[in-house]
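Student: I've got a new protein to look at and I'm not sure where to start. Can we go through it together?

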Amino acid sequence: MSGEKYKLYYFPFRARGEVIRMVLHAAGVPFDDERIPMDDWPKRKSEIPGGRMPVLQVIDPDKPDTPKNFVESMAIARMLAKRFDLMDDTEEGYYNTERMIGECEDVFKEFRSVFLSPADKKEELLKEAMETSIPKQLDLISKSLSESAGKFVAGCKVTLGDLCLLACLDHVDKSDPEFLKDKYPKLLEWREEVLKEKPKLADYIKSRPDTPF
């Protein structure tokens, strides 16, 4: 693993690529973050391994002409989290991490459904989600956090579960910047603790491009 270089191919928004970016930044691992504009995708698709994204390319300096290509966003995130000590070693911590990943995926599905809906329906569907399904999911997430043995998802160290929750809360903030402050202040307190623990990730979040999703 020593000396390997990483290159992430994805679109110029967060969505399925953001958790991978967060893992690498949290671990302090330099990588090439290639964001391919949507207009360029048809002509670039054939050069991307498998013709889909995200793709993580890992380049061994001893074999630069034969990079390894990894697909499936959460499989990539889990692999990197294991590699860079962002998974918990205990059974309970592992369970709590995986439970949080699943709970966050339920939130992602709600926002993805709104994002992919017809333009004239988006506002109505987002309002409905923010009044019904999103609070239900955030209640479950808050309960999971409250049951942790420490201040993070799995206990006393930041794991992939925390990073998935950070990405999840991005979507909530994007939909209503006051929502968490008004209804879930403890989630904001938790977020501050994570970013204190991972300053390189905090720097990335402050400077990353603002995207619609």
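Student: Which residues of helix 1 are buried?

Tutor: First, a bit of background: this is a predicted model, where local features need pLDDT of at least 70, side-chain atom pairs count only at pLDDT 80 or more, and totals for chains, interfaces and linings use all residues. Residues are numbered from 1 along each chain as its sequence is written, and side-chain values use heavy atoms, with hydrogens and water left out. Helices here are DSSP runs (H or I, at least four residues), strands are too (E, at least two), both numbered from the N terminus, and buried means under 20% relative accessible area, exposed over 50%, partly exposed in between (1.4 Å probe, protein chains only). On that basis, the buried residues of helix 1 are E18, V19, I20, R21, M22, V23, L24 and A26.

Student: Why is helix 1 described as largely enclosed?

Tutor: Helix 1 spans residues 18-26. Its buried residues pack against strand 1 (5-10), strand 2 (32-35), helix 3, helix 7 (160-175) and helix 10 (199-207). It is largely enclosed by the rest of the structure because the buried ones make up eight of its nine residues.

Student: Which residues does S73 touch, leaving out those up to four places away in sequence?

Tutor: S73 sits in helix 3 (residues 73-83) and counts as buried, at 10% relative accessibility. Contact means heavy atoms within 4.5 Å. With that cut-off, S73 touches R16, I20 and P54.

Student: How far apart in sequence are the parts that D32 and K7 tie together?

Tutor: A salt bridge is a side-chain nitrogen of Lys or Arg within 4 Å of a carboxyl oxygen of Asp or Glu, and D32 and K7 form one at 3.7 Å, N to O. D32 belongs to strand 2 and K7 to strand 1, so the pair links parts that are 25 residues apart in sequence.

Student: Is D170 buried or exposed?

Tutor: D170 pairs up with R14 in a salt bridge, with the closest N and O atoms 3.9 Å apart. D170 is in helix 7 and R14 in the loop between strand 1 and helix 1, so they tie together parts that are 156 residues apart in sequence. R14 has 11% relative accessibility and counts as buried. D170 has a relative accessible area of 11%, so it is also buried.

Student: What is the closest N to O distance between R44 and E34?

Tutor: R44 is buried, and so is E34. The two form a salt bridge, and their closest N and O atoms are 2.7 Å apart.

Student: How is the protein divided into domains, and how far apart are the C-alpha centres?

Tutor: The bounds come from an automatic or database domain assignment. Domain 1 takes in 5-84 + 202-207, and domain 2 takes in 91-197. Their C-alpha centres lie 23 Å apart.

Student: Which three residues supply 38% of the area that domain 1 buries against domain 2?

Tutor: Buried area is the accessible area (1.4 Å probe) that two parts lose on being put together, summed over both. The two domains bury about 1,100 Å² between them, 70% of it on carbon and sulfur atoms. The three residues on the domain 1 side that supply that 38%, more than any other three, are R16, M22 and R78.

Student: How many salt bridges are there between domain 1 and domain 2?

Tutor: Across the whole structure, the search finds 25 salt bridges. Between domain 1 and domain 2, the count is three.
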